[in-house]
Structures are given as structure tokens and as C-alpha cells.
Amino acid sequence: MAETQAEKIPVTVLTGYLGAGKTTLLNRILSQPHGKKFAVIVNEFGEIGIDNDLVVGADEEVFEMNNGCICCTVRGDLIRVIDGLLRRKGGFDGIIVETTGLADPAPVAQTFFVDEEVQAKTRLDAVVTVADAKWLSDRLKDAPEAKNQVAFADVILLNKTDLVTGAELDQVEARIRGINPYAKLYRTTKSEIDIAKVLNQGAFDLDRILELEPAFLEDDDHHHHDHEHGPDCGCDHDHGHDHAHDHHHHGLKAVHDDEVQSVAFSTEKELNPDKFFPWVQNLVATEGPNILRSKGILSFANDPDRFVFQGVHMILDGDHQRPWKADEKRVSRIVFIGRKLDRKALEDGFLSCAA
Ligand SMILES: Nc1nc2c(ncn2[C@@H]2O[C@H](COP(=O)(O)OP(=O)(O)OP(=O)(O)O)[C@@H](O)[C@H]2O)c(=O)[nH]1
């Protein structure tokens, strides 16, 4: 039975470059009193799952896919996860997909048009892109996926307005408008926005997307088998030559940056904050330009709380999140995403912070 447009479950795709404020926005959406039940699908780039631990508790179920970037798994995992969701009793009022900061949103959006089962039950409501007011201009120069994320957006949050001057803000907004004049744009701090401006937009405009990417609806299953890799995703997988044609029909220039990598470490030893903070501060002060993103969940000695730590380049942020639960293993985990990362030095540095 084919559902009508209105009966289909709306899907919101949250995108935006590494550290722009997607998880912050997701948490805002989930913690507002909306009385709705959302299924959240988180995809992250990295070896150890951390993002799902950063998403607020509540009723939502978080489905994690961390075995590669979302464009690699889009016709595998994402469809499987959504199919699984659709089979559940009780159902959902909406699905929110938070993509990794390195994902090109096109293949994610495609999933909702090319898979019959998914298409019958869901509708892509909007692509919501969080843009980092401080770093977006730089990323538009060196990260093609950052540009695609802006180009595909129906709603843009120009976030972190507190970190730039009014003139800089006008400049970056003008850059965004040059790429995407159609999206609704809101200036935000800490992704603070009325969720009515983000959810149920009915905004995904297929005609406009087709203009950007004429081959959007081509079902290229006969070209590809099983694993799909976008031309410019940041994952480690070998991107086959047969994807060369993808470069042609991407209206937006795609240069694959092989160098973005992620390293992650964990330890069951408790950490000493007096060692950890000086270490990490010095690290991002010297390596900040190469470290796009860092995040961790840390267990400090004599501290009953989980400490969540986050960084975007050299800007660090951290807070006590909640007490460790009685049955919870106190493991400290940290992830770095960036270029030219010295795994050994990072690991040695991290482990030397043990109490
Ligand atoms: N100063 C400032 N910091 C912000 C703002 N919004 C978010 N942050 C901080 O930026 C960091 C990254 O935010 P996240 O919401 O985790 O970003 P993300 O896009 O989910 O990051 P990834 O999952 O790594 O791609 C966190 O430390 C946030 O607290 C803002 O408006 N201003």
C-alpha cells in the first residue's frame, strides 16, 4: 500500500562540516518538548563510536553506523537501518539522520528516492546544514564536501556567530548565498533555533536538486555492487575507478582528499586532569590547523562525572556530562580527525595523561 505524501514519515538530514554544531542542534531538537517520537540515525567517521554518547538520552533510539562514511554505506546500512525502523511496531513521527561532517549529502538524499521500500514509506523533508561561521570560508577553499553541504541545504544555520565579527558574518553569509541563494538561512549561536524552523519544512525541492546534479535520480546499481563510495567522501576505502563518472555529473567540483584520517584511543586507566588539559591545549595550539576535530569522553580520577571534551581546530570546549552509571565501565575515549596526524605521538601523549 502506497502511503500518500502526508502519511509518509518525514526525514530530516542534518549535515555540516566537522564540528559545525550538528550534534548540538540534534540535542536541541530532541530536548524540546515536541511530544514526538524521533528515530535518530547517526553516522560518524572514526573507529570508536562517540557521537551516540553525546546525544541526549530521552526516549529516542539512536542507531549508529560507524563502519565507514555514510556515502559508502548509503545503499547498504542506511537502507537496512531504515527498513528495520519501518518494520517496528509503534512507529515514529520522524527520522533524523545526522551525517558525518565529511559526508557529501547527495548520496544520503538519494537514498530516499532510489530505494522503493524506503521511498514508499518516507519522504525527505529537508536537508539542514549547520555552517561554522568561523571556519566555513576556509573549508570552502579546501573541502569540496563542505561546499556540497551548503549547496544541498534547504535550511542553513549559520552557527557560531559569537566567534566572528559582524563584518565577518556578513562576508561568510554572502559566500553561502553565492553557493545557495534558495535555502532559508538563520544566524545562530550554539545551534539555538525554534525547531519549527527546522522540522516539517516540506522543503526538499527535487527540481532544484536536479538542476545541481542532473544524474541525481539515475539508479546506477548496474554500475556498482554492494558498497557505494562517493567520489569525495573522506573514508579509508579504496574508491574504484568506475566512479570516475561521478565526477562528471557532480555539478560541484569534487577533489578527493585522501589525507583526512581519524585516530582514536581508549584507556581504562583514569586520567589526571592536570596532565590532560595542558597536553591537549598544547597539542591543539601546535597542531590545530591539522586537527579538524577532536572529541572525547573522559574518566578523571576522583571525579564521579563523565567529562565530555570537544575541539574544533584550536578551540576547545568541555563539560561534565553526567555521573558515570554504577554498571558503566569507566573508559576514556578520544578521537582526532584531521590531516597528517601522528598516531604514535597522539597515543603516547594521551596515555601519558593517566593519573
Ligand atoms: N563558540 C561556539 N561554540 C559552539 C557553537 N555551537 C557549537 N559549538 C561547539 O562546537 C563544538 C562542536 O559542536 P558539535 O555540535 O559537536 O558539532 P558537530 O557538527 O556535531 O561535530 P562532528 O560530529 O564532529 O561533525 C562543541 O564544542 C560545541 O559546544 C557556537 O555557536 N559557538
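Trainee: Which residue in the turn of the S10 and S11 hairpin has a positive phi?

Mentor: His313, with a phi of about 50 degrees. Two residues lie between S10 and S11 in this hairpin. Keep in mind that this is a predicted model.

Trainee: How many bridges join S10 to S11?

Mentor: Eight, and the two strands run antiparallel. To read the register, pick one pair of facing residues. Here Phe309 is opposite Gly318 of S11.

Trainee: How do S9 and S10 pair, and how many residues lie between them in their hairpin?

Mentor: S9 and S10 are antiparallel, with seven bridges. Five residues lie between them in the hairpin. In that turn, Asn302 has a positive phi of about 60 degrees. For the register, use Lys295: Gln310 in S10 stands opposite this residue.

Trainee: What is the order of the strands in the sheet?

Mentor: Two strands pair if DSSP finds at least two bridges between them, so follow the pairs from one strand to the next. The order is S8-S12-S9-S10-S11, an open sheet of five strands with antiparallel pairing. An edge strand pairs on one side only, as strand S8 (261-267) and strand S11 (315-323) do here. On average, neighbouring strands are turned by 10 degrees against each other, with direction ignored.

Trainee: What is the bridge partner of Val263 in S12?

Mentor: Phe336. That pair belongs to the S8 and S12 (residues 332-338) pairing, which is antiparallel over seven bridges.

Trainee: Which strands does H11 lie across?

Mentor: Helix H11 (residues 273-287) lies across S9 (291-299), S10 and S11. Its direction is at about 175 degrees to S9. Angles run from 0 to 180 degrees between N-to-C directions, so the direction of each element counts. Helix H12 (residues 343-351) also packs on the sheet, where it touches S8 and S12. The direction of H12 makes about 25 degrees with that of S8.

Trainee: Now the ligand. How many residues surround it, and which are the closest?

Mentor: 22 residues surround the ligand, and Thr23, Thr24, Gly101, Gln310 and Asp317 are the closest. Next, look for the elements behind the shell. Helix H1 (22-31) and strand S10 (305-312) are those that give two or more residues. H1 gives the most, with three.

Trainee: How do the shell residues divide by type, and which domains do they come from?

Mentor: Ten are polar, seven charged and five nonpolar. Domain 1 (5-249) and domain 2 (261-351) each supply at least three residues to the shell.

Trainee: Where is confidence lowest, and where is it highest?

Mentor: Helix H10 (residues 244-249) is lowest, at a mean of 31, and strand S6 (residues 155-159) is highest, at 97. Residues 56-60 have pLDDT below 50; this stretch has nine contacts in the model beyond near neighbours in sequence. Residues 65-73 also stay under 50, yet the model has 40 contacts for them beyond four places in sequence. Where pLDDT is low, predicted coordinates should not be read in detail.

Trainee: What is the mean pLDDT of the protein, and what does the model score in ipTM and pTM?

Mentor: The mean is 75, and 71% of residues reach 70 or more. The model scores 0.97 in ipTM and 0.68 in pTM.

Note on methods. Residues are numbered from 1 along each chain as its sequence is written. This is a predicted model: local features need pLDDT of at least 70, side-chain atom pairs count only at pLDDT 80 or more; totals for chains, interfaces and linings use all residues. A residue is near a molecule or strand if its C-beta atom, placed from the backbone, lies within 6 Å of it. Helices (H or I, at least four residues) and strands (E, at least two) are DSSP runs, numbered from the N terminus. Ala, Val, Leu, Ile, Met, Phe, Trp, Tyr, Cys and Pro count as nonpolar, Asp, Glu, Lys and Arg as charged, and the others, Gly among them, as polar. Domain bounds come from an automatic or database domain assignment. Two residues are in contact if their C-beta atoms, placed from the backbone, lie within 7 Å. pLDDT is the predictor's confidence in each residue, from 0 to 100.
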